[in-house]
Amino acid sequence: QRGRYRQFMQCDIDILGEPSNLAEIELILATTTTLGKLGFKGFQIRINDRQILKAMAAYSGFAEESYDSVFITLDKMDKIGLDGVKAELLENGFAEESVDKYLKLFADLEQIETSNSKVEYLANTLEGVLDSEVHEGLLEIMDSVSTTKAADFDVDLYVTGSNSRMMSSEISTYLTGRYITFRIYTLSFEEYLTFKSKYSDI
């Protein structure tokens, strides 16, 4: 794509068959420990869960089938800010009441200093639409990572975007999260495109 770097370096760690949060904790600690030994310091780990985004959207009154469209706009938050996100959501035809209710959640989060308090705020505000296991899991991950870390970094909650995100004044990179389901296709890419065009409802 024009304007994007066409070369990048990727480092990958995989854990299979571990349903608990130990997988997330171990991956974050392995990555941050490695970066610490390489001399990086003062970076920040921002942890999120897509279930939070869905619960916030449901709480605000967005239809489930519109979530992907809402999240695409939401991912631009860092670039266009709350006002820009609001303008684009309204332009896309979403109800102003839902948009205002949704963005108020983000405005409220910005006023909360600690990550644990942010999680508790979301748990209380989204009670009934956010599974308690989600906020309990986030607290477990953040507390475990913070108390056992071997590098200089901070942990925070990040709810705009779809991946855990690592920020640094020296580097900028992304960590993807847990994948529950892998789709395995036995067709060639060309065959897959042909198949998908004919069976778009699959």
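Mentor: A definition to begin. Buried means under 20% relative accessible area, exposed means over 50%, and partly exposed lies in between. The model is predicted.

Trainee: Is Arg 50 buried or partly exposed?

Mentor: The relative accessible area of Arg 50 is 32%. Partly exposed residues fall between under 20% and over 50%, so that value settles the class. Arg 50 is partly exposed.

Trainee: Which residue forms a salt bridge with Arg 50?

Mentor: The closest N and O atoms of this pair are 3.7 Å apart. A salt bridge needs the nitrogen within 4 Å of a carboxyl oxygen, so the pair counts. The partner of Arg 50 is Asp 68.

Trainee: How many residues apart are Asp 68 and Arg 50?

Mentor: The salt bridge joins Asp 68 and Arg 50. Asp 68 sits in helix α3, residues 67-74, and Arg 50 in helix α2, residues 50-60. The pair links distant parts of the chain, with a separation of 18 residues.

Trainee: How many salt bridges does the structure hold?

Mentor: Asp 68 with Arg 50 is one of them. Lys 86 with Asp 100 is another, with closest N and O atoms 3.0 Å apart. The structure's total is four.

Trainee: Which parts of the chain hold Lys 76 and Glu 88?

Mentor: Their side chains meet in a salt bridge, 2.8 Å from N to O. The two residues are 12 apart in sequence, so the pair ties together separate parts. Lys 76 lies in the loop between α3 and α4, and Glu 88 in helix α4.

Trainee: Which helices do Lys 86 and Asp 100 link?

Mentor: The closest N and O atoms of their salt bridge are 3.0 Å apart. The two residues are 14 apart, in distant parts of the chain. Lys 86 belongs to helix α4, and Asp 100 to helix α5.

Trainee: Is Lys 118 buried or exposed?

Mentor: Lys 118 is placed in helix α6. Its relative accessible area is 12%. The cut-off for buried is under 20%, so Lys 118 is buried.

Trainee: Which residues touch the most other members of the largest nonpolar core?

Mentor: This core has 36 residues. At least two of them come from each of α1, β1, α2, α3, α4, α5, α6 and α7. The residues touching the most other members are Met 56, Phe 62, Phe 71 and Tyr 102.

Trainee: Why is the pair of Phe 62 and Phe 94 edge-to-face?

Mentor: The structure holds four aromatic pairs. In this one the ring centres are 5.4 Å apart and the planes stand at 80°. Planes over 60 degrees apart count as edge-to-face, so the deciding value is 80°.

Trainee: What is the angle between the ring planes of Tyr 102 and Phe 106?

Mentor: Both residues are buried. They lie in helix α5, four residues apart, about one turn of the helix. Together with Phe 62 and Phe 94, they form one aromatic cluster. Both Phe 62 and Phe 94 are buried; Tyr 102 and Phe 106 pair edge-to-face, 5.3 Å centre to centre, with a plane angle of 90°.

Trainee: What distance does helix α7 reach from its first C-alpha to its last?

Mentor: Helix α7 covers residues 132-148, 17 residues in total. At its start, a side-chain oxygen of Asp 131 comes within 2.9 Å of the backbone nitrogen of Glu 133. Its buried residues include Val 134, Leu 138 and Ile 141. The span is close to the expected one, at 24 Å.

Key: Residues are numbered from 1 along each chain as its sequence is written. This is a predicted model: local features need pLDDT of at least 70, side-chain atom pairs count only at pLDDT 80 or more; totals for chains, interfaces and linings use all residues. Side-chain values use heavy atoms; hydrogens and water are left out. Buried means under 20% relative accessible area, exposed over 50%, partly exposed in between (1.4 Å probe, protein chains only). The expected span of a helix is 1.5 Å times one less than its number of residues. A polar contact is a pair of N or O atoms within 3.5 Å; within protein, one must be able to donate a hydrogen and the other to accept it, and residues adjacent in sequence count only if both atoms are side-chain atoms. A nonpolar core is a set of buried Ala, Val, Leu, Ile, Met, Phe, Trp, Tyr and Cys residues joined through side-chain atoms within 4.5 Å. Rings of Phe, Tyr and Trp (its six-membered ring) pair if their centres lie within 6.5 Å; planes under 30 degrees apart count as stacked, over 60 as edge-to-face and the rest as tilted.
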